[in-house]
Amino acid sequence: MTTRATATTDLLRDRRVVAPLLREIASRAARLPRPIRIMEVCGTHTMSLFRSGLTAPLAEAGVEMISGPGCPVCVTPNGLHEAAIALLSDRPETILTVFGDMTRVPTSRGALQTAVPARGSRLKIVISPEAALEEARRAPEKDVVFFGAGFETTIPGIALTVRRAREEGRRNFSVLSAFWLVPPPLRAILETGEVRLSGFLYPGHVSVIIGLRPYAFIAERFGLPGAVAGFEPADLLLGIRSILNQAVAGRPGVALEYARAVRPEGNPAARAVMDEILEPKDALWRGLGRIPGSGLAFRPEYAAFDAERKYGLEIADDAGDLRGCRCGEVLRGLIRPEDCALFGRVCRPDAPKGPCMVSMEGACLVHLRFGSPGGRT
Amino acid sequence: MSRISLEVGSGGRLMRDFIADRLLPALGNRYLAELSDSGRLPGGIALTTDGYTVDPIVFPGGDIGTLAVNGTVNDLVVAGAKPLYLSLGLIIEEGLETAVLDRLLKSIARAAKRAAVLVVTGDTKVVRRGQADKIYMTTSGVGRIVGSPAPGRLRPGDRLLLTGTLGEHSIAVMAARGEYGLSGRFRSDCAPLNYLLPLWKRGAMWMRDITRGGLATVLSELAERTKHPLLIDEERIPLSRPVRGAAEILGIDPLYLACEGRAVIAARAKDAPGILAALRRDPLGRRAEIIGEVQTKVGRPGELILRTTAGGLRRLEPLTSELLPRIC
């Protein structure tokens with residue numbers, strides 16, 4: 001971390017910077033009809049909001065924040081998790097590589113971390129797709145599968161790794177993919193009209209890749225203001241202030257409040273890599289159902305690296321959530337974690353009943369870890 | 001739970017449940033029931049024990065030998081006892097180089113001298129290759145009681161002090177493992193806390209050394225014992241630049257990182273400034289701060305509340321499951 005980056009971060013966390021922003025938000029909110037409900041799409045935004053203790057001051061200022069479906073581990077349905085478990089348990093000589101959170105999602109077949117591997121197989125937690133490819137190089141006699149869930153932030157990196165694997169002629173590497181795109185579920189949520197929203201806080205790092213244009217339909221077709229925001233406390237408030245400014249002026253658009261990381265046009269090179277290797281597909285989301293064009297699949301020339309095709313995996317569409325788990329409704333913004341009867345009592349981080357309590361960005365875990373004083377544990 | 005999971009050893013909630021549900025019913029007596037870092041016994045003596053399994057056994061700022069001395073010394077200090085004697089148990093994996101063992105023994109000797117304790121007895125076992133990871137150590141320590149912790153008597157207005165920066169040990173061990181691609185000037189904070197002993201006569205009412213689970217876990221345990229919520233201010237918590245950067249990159253909250261030479265102290269408001277000044281006069285306490293208080297304005301009894309740098313308020317939960325394996 002450079003000294004300048006630290007200084008910027010310090011400033012954006014400083015209560016002397018945050019307090020005036022909250023006052024400005026309150027004064028704008030006072031000029032708008034209630035309730036004011038803004039959906040923060042990205043799970044990391046949810047985490048930042050709660051970690052900095054801003055939800056209560058925002059509520060006092062008249063703004064209610066609703067969590068959206070921006071948690072890749074959470075929106076990946078159990079059918080895919082169970083397919084990964086089957087791969088590990090049924091296929092010998094397989095190394096299943098995965099990010100840590102994915103190993104603890106509970107399914108009717110248990111979780112990945114407690115699955116008994118087949119002979120010669122094992123589970124390995126990695127922190128990047130490159131590390132998974134390195135396993136394939138290190139162990140040519142094994143079949144390495146990378147179970148990767150992600151949004152547009154993570155997908156280019158995985159795509160690049162697959163391209164590298166193809167260039168190296170790696171026959172023992174493939175990806176079980178759970179690739180999700182951010183704009184389609186927002187359209188789906190708005191089209192059902194089941195949640196009344198005043199605006200959107202758009203994800204910071206997804207927007208690094210996709211830029212601002214993919215959100216334009218939300219302002220143009222649905223008349224809702226939005227802003228791309230960063231992750232420090234003041235970043236979040238700058239985004240919310242921008243949304244309220246747009247609402248007060250009656251001019252909804254897509255504002256950029258994270259210019260130090262995001263360019264309006266996004267990252268065309270990253271999108272080109274995605275386009276070269278992947279093509280759109282209809283995807284089945286936890287809680288939101290099947291959404292057209294909301295996922296990405298490997299193009300035919302990359303079929304050898306698609307674990308689903310390579311191993312003829314059957315991904316069950318109807319592998320349900322555990323009984324009583326309402327993660328799907330949380331992802332749609334319909335309920336808060338506290339509205340679920342299992343929250344904090346039966347469903348806890350050491351005994352999760354659904355991915356929203358497993359993922360660091362899951363709304364349920366965030367609400368529990370960073371709850372407000374006097375709230376339900 | 002029908003098998004012991006790794007998380008039970010993490011120092012968090014699962015370990016506390018393990019102690020309450022399995023150890024106490026089997027072994028319980030009035031000394032053990034206090035669940036203090038050291039047993040305080042008749043005749044004014046205190047007794048403690050600790051096992052050391054850190055991986056790797058050598059890291060910037062120390063090794064398993066320094067840990068084995070300081071960890072046990074510190075458990076006595078924070079229980080109100082002046083450390084006097086240690087026993088040293090060694091479980092050595094067959095094949096460990098004698099040069100390595102000699103280095104560790106030198107470290108133990110140096111640490112014991114610095115902490116003014118004598119190693120008076122010990123035991124050595126050697127197990128087959130693969131049945132231990134290079135070397136494990138156990139030290140028990142005996143001390144003379146010089147102060148009496150009284151967490152039950154803490155009341156609103158009492159202050160909480162932190163003796164220095166958080167997380168140095170955890171980050172140094174993680175960097176030494178080389179797993180996360182971390183590089184930087186990290187150094188474990190492993191050190192004896194003897195300099196805190198006089199504070200028992202200057203108004204200290206309770207002390208805890210911050211090990212596994214970090215500051216959040218230690219204060220959560222205190223919150224459960226006092227009848228009032230605790231409030232600490234994130235802005236007052238000292239962090240070194242390298243630890244702050246490493247924790248950011250790894251996505252770990254420094255409030256949960258273990259130390260091996262830091263303590264939290266509780267005292268009446270009138271005594272806190274004097275204790276702070278005394279801490280800062282010692283090289284180990286230069287970055288000491290008053291970080292919070294016992295109060296009733298926010299939160300409910302048993303809660304630990306954090307005022308964030310942004311000025312918001314949130315609960316700080318104890319660590320429930322394993323954050324980092326084998327750091328001590």
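A cavity here is a set of grid points where a 1.4 Å probe fits but cannot get out. The model on screen is predicted, and this tour starts with its enclosed spaces before moving along the two chains.

**Stop 1: the cavities**

Across the whole structure, a search finds three cavities of 30 Å³ or more. The largest holds about 110 Å³ of space. To centre the view on that cavity, select A:C325, A:R326, A:C340, A:C347 and A:C364, which are the closest to its centre among the 15 residues of its lining. By type, the lining of the largest cavity divides into 11 nonpolar, two polar and two charged residues.

**Stop 2: β1 and β2 of chain A**

Select residues 36-42 of chain A, which make up strand β1, together with β2(A); the two run parallel and are joined by six bridges. Within this pair, look for A:E40, which stands opposite A:S67 in β2(A). Next colour β2 of chain A, residues 63-70, by accessibility: seven of its eight residues are buried.

Then step back to A:P35, in the loop between α2 (15-29) and β1 of chain A. The peptide bond that joins A:R34 to A:P35 is cis, with omega at about 0 degrees.

**Stop 3: the four-stranded sheet of chain A**

Show the strands β4-β3-β5-β6 of chain A, given here in their order across an open sheet with parallel pairing. The edges are β4 (122-125) and β6 (173-179) of chain A; each has a single partner strand, so one side of each is left without a neighbour in the sheet. On average, neighbouring strands of this sheet are turned by 20 degrees against each other, direction ignored.

For a closer look at one edge, select β3 of chain A, residues 94-98, which pairs with β4(A) in the parallel sense over four bridges. A:T97 is a useful marker, standing opposite A:K124 in β4(A).

Now add the helices. Helix α6 of chain A (residues 78-90) lies across β3, β4, β5 (143-150) and β6, and runs at about 160 degrees to β6(A). Helix α8 of chain A (residues 155-167) lies across β5 and β6, also at about 160 degrees to β6(A).

**Stop 4: loops of chain B**

Move to chain B and select B:P56, in the loop between β2 (45-52) and β3 (58-59). The bond from B:D55 to B:P56 is a cis peptide bond, with omega near 5 degrees.

Two further loop residues are worth a label. B:A116 sits in the loop between α3 (98-114) and β6 (118-127) of chain B, and its phi is near 55 degrees, positive although the residue is not glycine. B:K134 lies in the loop between β6 and β7 (135-145) of chain B; its phi, near 65 degrees, is likewise a positive value in a residue other than glycine. Is B:K134 buried or exposed? Its relative accessibility is 36%, so B:K134 counts as partly exposed.

**Stop 5: the seven-stranded sheet of chain B**

Finish with the open sheet β9-β11-β8-β12-β10-β13-β14 of chain B, whose pairing is mixed. Its edge strands are β9 (204-209) and β14 (313-315) of chain B, each pairing on one side only. Neighbouring strands are turned by 25 degrees against each other on average, direction ignored.

At the β14 end, select β13 of chain B, residues 304-307; three bridges join β13 to β14(B), and the two run antiparallel. B:I305 has B:R315 in β14(B) as its bridge partner.

Last, select residues 272-281 of chain B: this is helix α7, which lies across β8 (159-162), β9, β11 (263-267) and β12 (289-294) and runs at about 5 degrees to β8(B).

Terms used. Residues numbered from 1 in each chain as written. Chains lettered and ligands numbered in written order. Predicted model: local features only at pLDDT ≥ 70, side-chain atom pairs only at ≥ 80, totals over all residues. Heavy atoms only, no water. Pairing = 2+ DSSP bridges. Axes fitted to C-alpha atoms, helices over the stretch in contact; angles between N-to-C directions. Contact = heavy atoms within 4.5 Å. 1 Å grid on protein atoms, 1.4 Å probe; cavity = no way out; pocket = protein on both sides within 12 Å on 5 of 7 lines; lining within 4 Å. Points joined across faces, edges and corners; volume = space filled by probe spheres on them. Nonpolar A, V, L, I, M, F, W, Y, C, P; charged D, E, K, R; others polar. Buried < 20%, exposed > 50% of the residue type's maximum accessible area, 1.4 Å probe, protein only.
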